[in-house]
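Visitor: Got a minute to walk me through this one? I'd like to go chain by chain and then poke at a few residues.
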Amino acid sequence: METHTLIALMEDKPGVLHRVASLFRRRNYNIESLTVGHSETPNVSRMTIVLNGDDRVVQQVVKQLSKLINVIQVLDVSDQPAVSRELALIKVTAGPGTRTEIIELASVFRARVVDVGANSLTVELTGPQSRVNSMIGLLHPYGIEELARTGRVAMVRAGNGNALL
Amino acid sequence: MMKLTGAQVVWESLVREGVETIFGITGGAVIHLYHTLPEYPIHHVLMRHEQAAAHAADGYARATGKVGVCIATSGPGATNLVTGLATAYMDSSPVVAITGQVPTLVIGTDAFQEVDITGITHPITKHNYLVTDVQELPTIIREAFYIARTGRPGPVLIDIAKDVQAAEVDYVYPDEVSLPGYLLPGTPSPSQLQQAAQMINEAERPLIIAGHGVILAAAEDALLELVEKGNIPIVTTLLGIGALSEAHPFCLGMAGMHGEAYTNLALSQADLIVSLGSRFDDRLTGQVDQFARQAQIIHVDLDPVEIDKTVPADLAVLGDLKEILPALTPLVEERAHSKWMKRIREWRSDSAKRDIVGQETDELIPQYVVRQIWEATQGEVVMVSDVGQNQMWEAQYFVHHRRRGLLSSGGLGTMGFALPAAIGAQTGCPDERVWVTVGDGGFQMNIQELATVVQEKLPIKIAILNNGYLGMVRQWQQLFFEGRYSGTPLLGPDFVRLAEAYGIPGITVREKSEVGPAVSQAVATDGPMLMDFHIVQEENVYPMVAPGASVSDMIRRPVATKK
Ligand SMILES: Cc1ncc(C[n+]2csc(CCOP(=O)(O)OP(=O)(O)O)c2C)c(N)n1
Ligand SMILES: [Mg+2]
């Protein structure tokens, strides 16, 4: 089982998200994350799906998704050079003794402190998933009070063909 | 430009789509639609249950090849359609369902008879629409019919808010549809066809599996040409019955769980399987990793999703069988396959020796009933079978030689399908003789439609194979669950008196000697007729490949003891 990243373009119509979600649930696909937002084309949404499965399962996901009438195109970009990013907001316990340490740690990860409270700091980090994971790992001992992750978005690097549409 | 109300838009557009008949039941959320219906040349068949309306539309579609249309009100009317839509979806039947929805303003408020029918039917329709703006209605109807009938057909539901039906619009029916996400497969490349032909030409023991796709593509002629040119034997799925006449010497009949032994032996011994419009359902394959282990597989289908879904293909050919087969056949060499054919003939005659119909028995066995119907009608009927043992006996003992000569719920296995589907078939094909074979259980699931048969004056002949059990489940209990008949003994009414109450003549048959005369009487009757055959109660369907077993563990028909 490997992790695959799919990009799907779909018409921005009511119910599309439900169709996609319902497909994943019904066919028992193991989805790790799913993000959706506007694309460069009006009325076309772009979804990034990260899922686990062997090639045969992923092939099925691609085909089943493509079969939905509102889904315009699906691309498996797992084997292509792609930029893939995730954003995380992490609220971490920060008393007088640990505050500087955490800020230093954040700067090593090129994360930004976006909110400072009496006993906590909120850090924003954008980066490849591995970097997000390791930063979360390092912040853990301080006490993570709240964590919000967007899931991955991905884009194939320029000059590698297979652009969408 | 015409100014029409939403309700008029619906009927005007349906007329333009060529719709002549619809099946439905009215209600508050479709009252506008029904109000304007008499202004249009559309015949409305009033059903007695919305499930039956959906089956009727499905049966109409299967019998005619045209899109079947059903209509229901919001809430319970819409939810009653669900089983029928799922049935049509599983069997790729082109159906358009129209439902009324509560007014736009109150959608989402749990208004009276509000139900999220588009949400409910996402996984059981090819596509669906909720219409809250009358401007969109013409385009949506155009798209719905286009989607239902093109590519791999399927049901499409249009849920129309009540206020939309009353609102006015300048009516333009679009000529073109714009569906950027709806791609129909193109034609396969010549090299793909070459490769397929080469595999066929090199095979020593080739076998074709013909599925429903052959019939949906109307590719029966093209299939016959391929079979006869290449001398390739063929088995069918349940829904593929009729793709090639079962009287053809190369047609071995239905394979799978209740296929004749030689069909499954052929599958297990073939060195090449050419699957045409079949999706390798588990009722065909049994244990997938045991399936056709000696064979390379060419999988021809319209729907990319079916490729490698259950059985991996050595070669996939995507596209419309009606184009593919005529392109493929010229590349296929004439080969006799005489050794292979000889082996199949041997298996076949061995099976025939065990054929229970050939045995002397005075008992009223269902196989005999089916044979009698076949002989009396010479097979010139549209058979509509229900689900259970009756369905399998019909499939096994009726020799189907006609196109679209058998309609049955294969994928979903919906009890109660037969009678309403027959109503749809008979309405769509008034000149055909339509027969129903049904169990005593399934018949009671849509028995109310006898009233529709009478109201519509449909000459449908109904043969109940009455065994006093939910027989197929009883068979499983007998074979695999210690013979504990839990929840399967079944009391029925006096079906003949019931039919008479509806105004349909009927006859109860308890003796084998009465079967022939009863069937002949039905053949000679102009209107509808019901035959209640009290068959041997604990007869089983053989042979049987137990679920999860492989062909070699097939349960054969015990040799009947003479009485
Ligand atoms: C709607 C529905 N409910 C339950 C089943 C499960 N089921 C399959 S066959 C069968 C028995 C059918 O009994 P009957 O209609 O009398 O036919 P028989 O098998 O006796 O010929 C049942 C209950 C089903 N297929 N469909
Ligand atoms: Mg029964």
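Visitor: Let's start with charge. How far apart are the mean positions of the positive and negative charges of chain B?
Guide: They are 7 Å apart, taken over 41 positive and 65 negative charges. Keep in mind that this is a predicted model.

Visitor: And what about the charges of chain A?
Guide: Chain A has 18 positive and 16 negative charges, and their mean positions are 7 Å apart.

Visitor: Back to chain B. What are its dimensions along the principal axes?
Guide: The C-alpha trace of chain B spans about 70 × 65 × 45 Å. Its radius of gyration is 24 Å, which agrees with the value near 24 Å that a compact globule of 563 residues would have.

Visitor: How much of chain B is buried?
Guide: Buried residues make up 60% of the 563 residues. The accessible surface of chain B is about 21,200 Å², and 51% of that belongs to carbon and sulfur atoms.

Visitor: What's in it in terms of secondary structure, and how much of the contact count is long-range in sequence?
Guide: Chain B has 22 helices and 20 strands. Of its contacts with a separation of 6 or more, 75% are between residues 24 or more positions apart.

Visitor: OK, the metal. What coordinates the magnesium ion (ligand 2)?
Guide: Three residues of chain B do: B:D440 through OD, B:N467 through OD1 and B:Y469 through O, at 2.1 to 2.2 Å. The donor residues are spaced D-x26-N-x1-Y in sequence.

Visitor: Where do B:D440 and B:N467 sit in the fold?
Guide: B:D440 is in helix α18 (residues 440-443) of chain B, while B:N467 is in the loop between β18 (461-466) and α20 (471-480), so the pair ties together parts that are 27 residues apart in sequence.

Visitor: Are those two buried or exposed?
Guide: Both B:D440 and B:N467 are buried.

Visitor: Switching to B:S93. Where is it, and what does it contact outside its own stretch of sequence?
Guide: B:S93 is in the loop between α4 (76-90) and β5 (95-101) of chain B. Leaving aside neighbours within four places in sequence, B:S93 is in contact with B:D58, B:A61, B:R62, B:A88, B:P153, B:G154 and B:P155.

Visitor: Why does B:S93 count as buried?
Guide: Because its relative accessible area is 1%, and buried means under 20%.

Visitor: How about B:R345, buried or exposed?
Guide: B:R345 is exposed, with a relative accessible area of 52%. B:R345 is in helix α14 (residues 338-353) of chain B. The C-alpha atoms of B:R345 and B:I324 are separated by 30 Å, and the two residues are 21 apart along the chain.

Visitor: Now chain A. What's the order of helices and strands?
Guide: Along the sequence, chain A reads β-α-β-β-α-β-β-α-β-β-α-β-β. That comes to 4 helices and 9 strands.

Visitor: And its span and burial?
Guide: The C-alpha trace of chain A spans about 55 × 35 × 35 Å. Of its 165 residues, 44% are buried. Chain A exposes about 8,600 Å², with carbon and sulfur atoms supplying 53%.

Visitor: Which residues of α1 in chain A are buried?
Guide: In that helix (residues 16-26), A:V16, A:R19, A:V20, A:S22, A:L23 and A:F24 are buried.

Visitor: What do the buried residues of α1(A) pack against?
Guide: In chain A they pack against β1 (2-11), β2 (30-38), β3 (44-53) and α2 (55-67), and in chain B against β6 (127-131).

Visitor: What comes after α1(A)?
Guide: A:N28 follows, in the loop between α1 and β2 of chain A. A:N28 is not a glycine, yet its phi is positive, about 65 degrees. A:N28 is also exposed, at 70% relative accessible area.

Visitor: What's the backbone story at B:E482?
Guide: B:E482 has a positive phi near 60 degrees and is a residue other than glycine. B:E482 lies in the loop between α20 and α21 (495-502) of chain B, and counts as exposed at 73% relative accessibility.

Visitor: Last one: is the peptide bond from B:Y542 to B:P543 cis or trans?
Guide: That bond is cis, with omega near -10 degrees. B:P543 lies in the segment after β20 (529-534) of chain B.

Key:
Residues numbered from 1 in each chain as written. Chains lettered and ligands numbered in written order. Predicted model: local features only at pLDDT ≥ 70, side-chain atom pairs only at ≥ 80, totals over all residues. Heavy atoms only, no water. Donors = N, O, S within 2.8 Å, 3.2 Å for Na, K, Ca; no water. Helix = DSSP H or I, 4+ residues; strand = E, 2+ residues; numbered from the N terminus. Buried < 20%, exposed > 50% of the residue type's maximum accessible area, 1.4 Å probe, protein only. Rg over C-alpha atoms; globule rule 2.2 N^0.38 Å. Contact = heavy atoms within 4.5 Å. Areas by Shrake-Rupley, 256 points an atom, 1.4 Å probe, with all protein chains shown as cover. Lys, Arg positive; Asp, Glu negative; His and termini not counted. Charge placed at Lys NZ, Arg CZ, Asp CG, Glu CD.
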